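Colleague: Please take a close look at the inside of this model for me. I want the packing there, contact by contact, in one connected account.

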Amino acid sequence: MRKHKNILITILALGCIAFAANGALADSDHGHGPEEAMGHLNAAISHAKGAVMHGGEGHAGEVSKHAAESIAHAKGAIHSMPTGNPHGAEAVSHIKEAVTHLKAAVKHGDQGHADVATGHAKEGVNHLNGAATHAKQVH
């Protein structure tokens, strides 16, 4: 009887370990959570808007600086965005498109082309706002 009890305890323990490991693997695909993602996304939007504001004043270097900060936060949002539902995946798609435009804003800002850089920064803001709309629906 004792032998069967030990076998049963071993099977139960292995089952618990397998269940816990499966849960941990499932959670690892979902980033760090919508709150962290929204924090990064809001910061990315704020910096992108700063780039647009400075671009309107002809400050190409400041466009680059703010666009680069926006990119850093956008990447943080991508990393932490739960993508297990369609809204999270759509938010990430918008953020990636925003990053493409913000990289162009940095490039043109570094070249002194404030007007072109500002246009790309505006597109970045539009896509980040689109991402925020979807990210608010992530649960």
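Modeller: First, a convention: a helix is a DSSP run of H or I with at least four residues, and helices are numbered from the N terminus. S70 is found in one such run, helix α3. Keep in mind that this is a predicted model.

Start with the frame. The chain has five helices and zero strands. Read from the N terminus, the order of elements is α-α-α-α-α. Of its 139 residues, 38% count as buried. Now take the contacts in the chain with a separation of 6 or more: 73% of them join residues 24 or more positions apart. The outside can be put briefly. About 8,000 Å² is exposed, and carbon and sulfur atoms supply 60% of that area.

Now the core itself. The largest nonpolar core holds 30 residues, and the members that touch the most others are L41, M81, I95, L102, L128 and A135. At least two residues of this core come from each of α2 (34-56), α3 (60-80), α4 (86-110) and α5 (114-135).

Take L41, which sits in helix α2. The cut-off for buried is under 20% relative accessible area. L41 has 0%, so L41 is buried. Setting aside neighbours within four places in sequence, L41 is in contact with A77, I95, L128, A131, A132 and A135. Its C-alpha atom lies 5.9 Å from that of A74, a residue 33 positions away in sequence.

One of those partners, I95, deserves its own look. Without counting neighbours up to four places along the sequence, I95 is in contact with L41, A74, A77, I78, M81 and A131. So much for the hubs; the helix pairs come next.

α2 and α5 have axes 8 Å apart and pack at an angle of about 155°. Over 145 degrees counts as roughly antiparallel, so α2 is roughly antiparallel to α5. Their crossing is left-handed. On the α2 side, the residues that meet α5 are M38, L41, A44, I45, A48, K49, A51, V52, G55 and G56. On the α5 side, they are A114, T118, A121, K122, V125, L128, N129, A131, A132 and A135. L41 thus appears in this interface as well as among the core hubs.

The α3 and α4 pair follows. Their axes come within 8 Å and cross at roughly 155°. That angle makes α3 roughly antiparallel to α4. The α3 part of the contact is A60, G61, V63, S64, A67, A68, S70, I71, A74, A77 and I78. The α4 part is V92, I95, K96, V99, L102, K103, A105, V106, G109 and D110. The crossing of α3 and α4 is left-handed.

Then α4 and α5. Their axes are 8 Å apart, at an angle of about 165°. α4 is therefore roughly antiparallel to α5. This crossing, too, is left-handed.

A residue on this side is H94, which lies in helix α4. Leaving out residues up to four places away in sequence, H94 touches H127, G130, A131 and H134. The C-alpha atoms of H94 and A131 are 5.1 Å apart, although 37 residues separate the two along the chain. A131 also serves as a contact of L41 and of I95.

Back to S70 in helix α3. Its side chain is a serine, yet S70 counts as buried because its relative accessibility is 0%. Beyond its neighbours within four places in sequence, S70 is in contact with A44, H47, A48, L102 and L128. Two of these, L102 and L128, are named among the core hubs.

K75 gives a contrast in the same helix, since K75 is also found in α3. Its relative accessible area is 46%, so K75 is partly exposed, whereas S70 is buried. The C-alpha atoms of K75 and A37 lie 9.6 Å apart, with the two positions 38 residues apart along the chain.

Key:
Residues numbered from 1 in each chain as written. Predicted model: local features only at pLDDT ≥ 70, side-chain atom pairs only at ≥ 80, totals over all residues. Heavy atoms only, no water. Core = buried A, V, L, I, M, F, W, Y, C linked by side-chain atoms within 4.5 Å. Buried < 20%, exposed > 50% of the residue type's maximum accessible area, 1.4 Å probe, protein only. Contact = heavy atoms within 4.5 Å. Areas by Shrake-Rupley, 256 points an atom, 1.4 Å probe, with all protein chains shown as cover. Axes fitted to C-alpha atoms, helices over the stretch in contact; angles between N-to-C directions. Parallel < 35°, antiparallel > 145°, perpendicular 65-115°, else oblique. Left-handed = near helix turned anticlockwise from the far one by under 90°.
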